[in-house]
Amino acid sequence: LSGFKDSADPAMKPYSLAAKAELMQSIVRLKGTVAAESKPDPTGTEKLDEAVTHVISPPTARTVKTLAAALTSKWILSSQWVLDSAKEGYWVDEAPYGFLGSNNWLRDKKVAVSTNFRQHCGPARLVHSRTLVEDYGKGKFDVRLEDSDIVFVTNKEDTSVFAPKQTLSWEQFIESVYPKAGKTRRAGDASEAPPEKRPRQ
């Protein structure tokens, strides 16, 4: 479970800490397993357990865990999936509740960072970028510009100087990994393996 917090925003009520505790109980009753909290990286961010098959998160959340899930072909689902499954007594089909990503586009890609990106993004974003590209996307991060396929840039840079290489701002990278209006992909599509019957959240 990722992105849960207490908030004054009514839209976040299904993702409060109290709601998280209730969801965890429902998952266990459905014979699922809730992954233990992982050890945070140097930036204080928890990594995604490799055994996890489904991530429950607010639809608008773009945490390291949800992005990692999108890059490793794991379901990212709203809390309603657990609630409806609990009501039915079995795990219902995931497709209406979320997004199933693919890691194909980053695999074996070499990513460089522009000088401006390095200077303005901050150390935490550099750590997260490397984690997402290398650990979950299976690419290479912070390579020499001349060796790269993709260059991470800031929003205000003249990207023509990097042509013909592909350039991505942090926001564009996030959107490429986990689009806000992403179309749900069903398990079993080409190059994607179906999730386990008893999910780990």
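**A chat about the sheet and the cores**

Visitor: In what order do the strands of the open sheet come?
Guide: This is a predicted model, where local features need pLDDT of at least 70, side-chain atom pairs count only at pLDDT 80 or more, and totals for chains, interfaces and linings use all residues. Residues are numbered from 1 along each chain as its sequence is written, and side-chain values use heavy atoms, leaving out hydrogens and water. A strand here is a DSSP run of E with at least two residues, a helix is a run of H or I with at least four, and both are numbered from the N terminus; two strands pair if DSSP finds at least two bridges between them. The sheet has 3 strands with mixed pairing, in the order β1-β2-β3.

Visitor: Which are the edge strands?
Guide: Look for strands that pair on one side only. Those are β1 (54-56) and β3 (98-100).

Visitor: Which residue in β3 is the bridge partner of L77?
Guide: Strand β2 covers residues 75-77 and runs antiparallel to β3, with 3 bridges joining them. In β3, the partner of L77 is G98.

Visitor: Which element gives the largest share of the largest nonpolar core?
Guide: A nonpolar core is a set of buried (under 20% relative accessible area, 1.4 Å probe, protein chains only) Ala, Val, Leu, Ile, Met, Phe, Trp, Tyr and Cys residues joined through side-chain atoms within 4.5 Å. The largest one has 30 residues. Elements giving two or more residues include α5 (123-136) and α2 (64-71). The largest share, 6 residues, comes from α2.

Visitor: How many residues does the second, separate core have?
Guide: Among its members are L1, L23, I27 and W81. Its count is 16 residues.

Conventions:
Buried < 20%, exposed > 50% of the residue type's maximum accessible area, 1.4 Å probe, protein only.
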